[in-house]
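Me: I have a structure open and would like to go through it with you piece by piece. Can we start with the backbone and then move on to the ligand and the core?

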Amino acid sequence: MSEVIAIEGGHKLNGTVVVSGAKNATVALIPAIVLADSPVTVYGVPNISDVDALGVLLRELNCEVDKNDDVLVVDPSNLKNIPLVSDAVDKLRASYYFMGALLGKYKRVKIKMPGGCYLGPRPIDLHLKGFEALGAKITYEDDTYLLEAEELIGTQIYLDFASVGATINIMLAAVRAKGKTVIENAAKEPEIIDVVNLLTKMGAKIRGAGTDTITIEGVEHLKGCTHEIIPDRIEAGTFLIMAAAAGERVIIQNIIPQHLESLISKLKEMGVKMENVGDSIIVYGDNKNFNAVDVRTQVYPGFATDLQQPLTALLTQANGQSQVIETIYPERFRHCEQLNKMGANIELDESMCYINGKTPLKGAKVEATDLRCGAALLIAGLIADGITEISNVYHIDRGYANIDQKLITLGAVIRRIKVDD
Ligand code: EPU
C-alpha cells in the first residue's frame, strides 16, 4: 500500500501557519549527538520521516531515544559503534553525517552508501577527501564504506565546492581531531551555523561559522546539552510561494526573514505583496497578476536550489517567459514534466528551464519524483482546476512536517488516500 494526496484546487488560503524546525539542520544535528558522552535534548524537531529514520539508526547504535512531539532526547552514553548497514541508511542522504561523527569519536566507522532524493549525481568525494586529510584510511566494498584512523590530526582543508554536507561532515570529525583544522571555502548556510551552535554547547571550539573559513580546535570530550533548532527556511519559503499562489491573507510564523532574502526579493519582483512583522511574514494575495522573473540558484545567500522547484510552479502563473538556471544540481528539473502534465508550458534546456506563462493549470495524476518536486505539485494543485492526485507522497513526508494538516487549517481541500501498489 502507498499513499496519494488528492487536492481540490481553487480554494483560497487564509489564516496562520507556523513553520517547523529546519529539516536540513535537524538531519545533521541528530547524528552530531553521538559525539556527546551524556544526553542531548533538542527542541523544535520537525515531525518528518527523515527524523524517524535517524531515530532507527540511533537505536541501532544502542542510544536511548525519546521523542515527544517536537522534543527529542537522546542518550548516547552506552553507544555501540556497530556497522550502519540497515535499510534506514538508504532512506535519507543525511545518514552520511554518522560518518564524520563516529569517525571523530571512535576513529572508525562502517556505513552503507547513503540514499536520499535523486537530483542527478550526488558524489561525496569532498567529504572523503576531508576525512583522508584528517588521517582516515577509506575502503569501499559491497556499497559500504569503512573509515579508520590511528588518530585524526587537524589540518588545512580547501573545499573545491562550498558543499553543505562536506562542511558539516568534516567539522563533525575535526571536533575530536588533535589540533587545529581549517576548512576553506566552507559552506555558509544557516543550517551550518545551527550545527556549530549545538557543537559549541557540547564543548567544541569552532570559529567562523557563517563565513567561508571555519576553524576547529579539537577537544577530548563533548558533553550533553540542550538546543533549539532554527526555523526551516525552505518550508517557510514554500508557504510564502503557496500563499502568493493561492492565498488571500496568510500569516507565516516562525520565520527568520534574513534567511529568505533571495526568495523574498524574487517574489517582490513578481509583484507579490508581503509585510514582515516580527518573526512573521504576511502575504496578501490580492495581486495574482505576476511578472515573469529569472532565477539562478546559488549557494547561500544566493537563491536556494531547494526553492527553485516550488517557485517554478508559481512562475507558471506569471505573464511572459521566466528562466530558471540551476547551478547546484544541473538535473534538478524532474518537476517540470509533472507540471506540464497539469497544463504548464515549461521547456527544458541544459541546466535550465524556460517557463512560458501564464497557463491555467488543471488537475491531473502526477508523481512527486523527489521532495521539492512534491512541494511544487502541492502548489500547482492548490490553484489547478479540479483534483490533482500526487503519488509517491513519502517524498513529501521526508521534509514537510504535518503538511496536510497545515494546509487544511489554511482552507485547502486535501486528503490522503491509500492505494494498492
Ligand atoms: N558535491 C560534490 N561532492 C561532494 C559533495 C557535493 O560534487 O562531496 C556537489 C553535489 O553533487 C552538488 C553540490 O556539490 O552538485 C552541492 O552539494 P551539497 O553538498 O552542498 O549538498 P548536500 O549537502 O548534499 C544539502 C541539502 C540539500 C540542498 C543542498 C544545497 C541536506 C541533507 N541536504 O545537500 O537539500 O539542496 O544542501 O543547498 O542538508 C532538500 O532539502 O530538498 C535538499 C536536497
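Me: Where is Pro-301 in the chain?

Reply: In this predicted model, Pro-301 sits in the loop that runs between β18 (294–296) and α10 (305–315). The peptide bond leading into it from Tyr-300 is cis, with omega near 10°.

Me: And what about the bond from Gly-357 to Lys-358?

Reply: That peptide bond is cis too, with omega near 5°, and Lys-358 belongs to the loop between β21 (352–357) and β22 (365–367). As background, most peptide bonds are trans.

Me: OK, phi angles next. What is phi for Asp-142, and where is that residue?

Reply: Asp-142 has a positive phi, near 50°, although this residue is not a glycine, and its place is in the loop between β7 (137–141) and β8 (144–148). Asp-143 lies in the loop between β7 and β8 as well, and its phi is also positive, at about 65°.

Me: Buried or exposed, those two?

Reply: Asp-142 counts as exposed, at 69% relative accessibility, whereas Asp-143, at 49%, counts as partly exposed. The cut-off for exposed is over 50%, which is why Asp-143 falls into the partly exposed class.

Me: What follows α9?

Reply: Gly-271 follows α9, and its phi is positive, near 105°. Within the helix itself, which covers residues 261–270, the buried residues are Ser-262, Leu-263, Ile-264, Lys-266, Leu-267 and Met-270.

Me: Switching to the ligand: how many residues surround it, and which are closest?

Reply: The ligand is surrounded by 24 residues, and the closest of them are Leu-126, Ser-163, Asp-306, Ile-328 and Arg-372.

Me: Which N or O atoms come up to the ligand's oxygens?

Reply: Among them, a side-chain N or O atom of Asp-306 is 2.5 Å from a ligand oxygen, and a backbone N or O atom of Leu-126 is 2.7 Å from one. The side chain of Tyr-96 also has an N or O atom 3.3 Å from an oxygen of the ligand. Taken on its own, the ligand has 820 Å² of accessible area, and the protein covers 90% of that.

Me: You listed Ser-163 there. Where does it sit, and what does its side chain do?

Reply: Ser-163 is placed in the loop between β9 (156–158) and α6, and its side chain reaches the backbone nitrogen of Ala-166 at 2.9 Å. At the start of α6, a side-chain oxygen of Ser-163 also comes to within 3.4 Å of the backbone nitrogen of Gly-165. Setting aside neighbours within four places in sequence, Ser-163 is in contact with Leu-126, His-127 and Ala-187, and this serine counts as buried at 12% relative accessibility.

Me: Why is α6 described as largely enclosed?

Reply: Because ten of its eleven residues are buried, α6 is largely enclosed by the rest of the structure. The buried ones include Ile-168, Ile-170, Met-171 and Leu-172, and also polar residues such as Thr-167 and Asn-169.

Me: What does the largest nonpolar core look like?

Reply: That core has 81 residues, and the ones with the most contacts inside it are Val-34, Phe-98, Met-171 and Leu-199. Helix α6 (residues 164–174) gives the most to this core, with seven residues. There is also a second, separate core of 70 residues, which includes Leu-13, Val-17, Leu-260 and Met-342.

Me: Which residues does Phe-98 touch?

Reply: Not counting neighbours within four places in sequence, its contacts include Pro-31, Val-34, Leu-54, Leu-84, Val-109 and Ile-111.

Me: Any word on cysteines: how many disulfides are there?

Reply: A search of the whole structure finds zero disulfides. Cys-63 is in none, with its nearest cysteine sulfur, that of Cys-225, 14 Å away, and Cys-63 is buried, at a relative accessible area of 6%. The sulfur of Cys-373 lies 8.8 Å from the closest cysteine sulfur, in Cys-336, which is too far for a bond, and Cys-373 is buried as well, at 0%.

Me: Last one: what does the side chain of Glu-3 make polar contacts with?

Reply: From its place in strand β1 (residues 2–8), Glu-3 makes side-chain polar contacts with the side chains of Arg-416 (2.7 Å) and Lys-418 (2.9 Å). The C-alpha atoms of Glu-3 and Val-419 are separated by 5.9 Å, although these residues are 416 apart along the chain, and Glu-3 counts as partly exposed at 26% relative accessibility.

Notes. Residues are numbered from 1 along each chain as its sequence is written. This is a predicted model: local features need pLDDT of at least 70, side-chain atom pairs count only at pLDDT 80 or more; totals for chains, interfaces and linings use all residues. Side-chain values use heavy atoms; hydrogens and water are left out. A disulfide is a pair of cysteine sulfur atoms within 2.5 Å. Buried means under 20% relative accessible area, exposed over 50%, partly exposed in between (1.4 Å probe, protein chains only). A nonpolar core is a set of buried Ala, Val, Leu, Ile, Met, Phe, Trp, Tyr and Cys residues joined through side-chain atoms within 4.5 Å. Helices (H or I, at least four residues) and strands (E, at least two) are DSSP runs, numbered from the N terminus. Contact means heavy atoms within 4.5 Å. A residue is near a molecule or strand if one of its heavy atoms lies within 4 Å of it. A polar contact is a pair of N or O atoms within 3.5 Å; within protein, one must be able to donate a hydrogen and the other to accept it, and residues adjacent in sequence count only if both atoms are side-chain atoms. Accessible areas come from the Shrake-Rupley method with a 1.4 Å probe; for residues, only the protein chains shown count as cover.
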